[in-house]
Amino acid sequence: MWLSRVAARSFSVAAAAMQSARVYVTRKVPPDGLEVLRKSGRVQFELWDTDDPVPRAELLKKVRGVDGLLCVLTEKVDAELLDAAGPGLKVVSTMSVGYDHLSLEELKKRSLECVYCHFHLCRGIRVGYTPDVLTDAVAELTVALLLCTSRRLVEATHEAKTGGWGTWRTLWLCGYELANSTVGILGLGRIGVAIAERLKPFKVKKFIYTDVAPRPELANMINAEYVSMDELAQQSDFLTICCALTPETQGICNKNLFSKMKETSIFINTSRGGVVNQDDLYEALATGQIAGAGLDVTTPEPLPTSHPLFTLKNCVILPHIASASYTTRNAMSVLAANNLLAGLRGEPMEKELKL
Ligand SMILES: O=C(O)[C@H](O)CO
């Protein structure tokens with residue numbers, strides 16, 4: 001069985017190197033990325049040319065026999081999809097920094113089959129993603145969401161528009177300020193550093209963080225102290241979640257964490273909804289266990305408008321827009337296209353996920 005799979009892959013890798021590869025693009029991607037694909041002259045690509053996700057059944061049909069897949073975070077790349085694509089699939093390039101929609105296990109399994117293959121170009125399925133190019137946009141939006149939540153801007157504009165604005169009142173719509181505060185970062189990476197750099201001029205007193213292990217090279221850039229998860233919860237006036245969604249971080253922001261936070265603290269999540277237990281968060285917000293939450297990500301997405309979190313004044317919910325600037329989304333599409341092309345040529349990708 002593996003022999004025929006390896007043989008098929010070896011043949012198709014060699015063939016793709018000589019002629020144009022077949023690629024399926026699962027979404028209308030920004031123009032700069034499409035231009036890269038068009039100009040390459042190396043790929044014949046078919047595009048799901050709308051802003052809505054391609055229906056699963058259609059996707060499974062369209063990937064049959066492709067050499068490459070350029071996808072976004074709404075497409076689950078799992079065993080079913082990889083089987084549907086078949087042994088010719090050489091590259092999956094996602095236009096996202098997050099890769100929790102890709103089953104790394106399944107991708108790895110298929111790559112391992114190539115241990116038996118002695119062709120240099122035959123290295124299993126390679127995966128590209130788009131870190132770095134979105135760091136500025138995500139950090140900027142995180143700061144905006146944090147200020148919007150802590151200074152109650154959504155509530156305030158609502159009051160102004162709907163006649164709630166009476167006379168000037170001493171404690172009306174008061175919130176919490178960054179000056180002299182402690183900001184906690186759960187999961188310190190490029191984005192956490194970029195957020196801290198932007199918050200520093202607001203006169204934050206102290207940055208603290210936790211992660212699977214200390215990250216001194218990054219922490220030194222923002223003078224952040226490594227603390228335990230409990231200390232992070234207890235000390236943070238603002239807690240910003242920057243970790244990837246993995247089996248280890250799934251639901252890590254739960255009752256246990258919220259119960260240790262201050263009643264005056266603000267919780268901000270621009271990573272993935274899955275890191276939060278939303279029932280526990282609702283409880284913490286509704287009972288005043290914490291002061292407020294700003295969420296750019298939820299489970300599911302979109303969050304149904306009937307969801308209890310939407311009933312809370314102290315919860316600001318955005319529709320997953322952290323990287324949504326024209327510059328960044330175009331840059332992500334270019335990087336995803338270049339990763340795809342490099343993978344198809346059997347060359348190193350600019351940003352490749354090590355499986
Ligand atoms: O993973 C990502 O890239 C973001 O969540 C969307 O830009």
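**Figure 1. Helix 6 and helix 8 pack at an angle of about 55° in this predicted model**. Let us start with helix 6 (residues 135-150) and helix 8 (residues 190-199), whose axes lie 9 Å apart. The angle makes helix 6 oblique to helix 8, and the crossing is right-handed. From helix 6, the contact takes in Thr 135, Asp 136, Val 138, Ala 139, Glu 140, Thr 142, Val 143 and Leu 146. Facing them from helix 8 are Arg 190, Ile 191, Ala 194, Ile 195, Arg 198 and Leu 199. Sorted by class, this contact of helix 6 with helix 8 holds eight nonpolar, two polar and four charged residues.

**Figure 2. Val 133 sits in the loop between strand 5 and helix 6**. Strand 5 covers residues 126-128. Val 133 is partly exposed, with a relative accessible area of 30%. Which residues does Val 133 contact, leaving aside its neighbours within four places in sequence? They are Thr 328, Ala 331, Met 332 and Leu 335. For a sense of scale, try Val 133 and Leu 153: they are 20 residues apart in sequence, and their C-alpha atoms are 29 Å apart in space.

**Figure 3. Arg 152 and Lys 203 have positive phi values**. Neither view shows a glycine: phi is near 55° for Arg 152 and near 70° for Lys 203. Arg 152 belongs to the loop between helix 6 and helix 7 (153-161), while Lys 203 belongs to the loop between helix 8 and strand 7 (206-210). Arg 152 is partly exposed, at a relative accessible area of 27%. Lys 203, by contrast, is exposed, at 64%.

**Figure 4. The axes of helix 2 and helix 13 come within 6 Å**. Here helix 2 (residues 31-40) meets helix 13 (residues 326-345), and the axes cross at roughly 25°. Because angles under 35 degrees count as roughly parallel, helix 2 is described as roughly parallel to helix 13. The crossing of this pair is right-handed. Helix 2 brings Pro 31, Asp 32, Gly 33, Val 36, Leu 37 and Ser 40 to the contact. Helix 13 answers with Asn 330, Ser 333, Val 334, Ala 337, Asn 338, Leu 340 and Leu 341. The residues of the contact of helix 2 with helix 13 comprise seven nonpolar, five polar and one charged.

**Figure 5. Helix 2 has a buried side and an exposed face**. Gly 33, Leu 34, Val 36 and Leu 37 are buried in helix 2. Why do these residues fall on the same side of helix 2? They do so because they cover an arc of only 155° around the axis. What do the buried residues of helix 2 pack against? Their partners are strand 1 (21-25), strand 2 (43-47), strand 3 (68-71) and helix 13. On the face turned away from the buried side, look for the exposed residues Pro 31, Arg 38 and Lys 39. Just after helix 2 comes Gly 41, with a positive phi near 65°.

**Figure 6. Two cis peptide bonds lead into Pro 300 and Pro 302**. One is the bond from Thr 299 to Pro 300, where omega is near -5°. The other joins Glu 301 and Pro 302, with omega about -5°. Where should you look for Pro 300? Find the loop between strand 11 (292-295) and strand 12 (315-317). Pro 302 is likewise found in the loop between strand 11 and strand 12.

Note on methods. Residues are numbered from 1 along each chain as its sequence is written. This is a predicted model: local features need pLDDT of at least 70, side-chain atom pairs count only at pLDDT 80 or more; totals for chains, interfaces and linings use all residues. Side-chain values use heavy atoms; hydrogens and water are left out. Axes are lines fitted to C-alpha atoms, for helices over the stretch in contact, and angles run from 0 to 180 degrees between N-to-C directions. Helices (H or I, at least four residues) and strands (E, at least two) are DSSP runs, numbered from the N terminus. Angles under 35 degrees count as roughly parallel, over 145 as roughly antiparallel, 65 to 115 as roughly perpendicular and the rest as oblique. A crossing is left-handed if the near helix is turned anticlockwise from the far one by less than a right angle, and right-handed if clockwise. Contact means heavy atoms within 4.5 Å. Ala, Val, Leu, Ile, Met, Phe, Trp, Tyr, Cys and Pro count as nonpolar, Asp, Glu, Lys and Arg as charged, and the others, Gly among them, as polar. Buried means under 20% relative accessible area, exposed over 50%, partly exposed in between (1.4 Å probe, protein chains only). The arc is that of the directions from the helix axis to the C-beta atoms.
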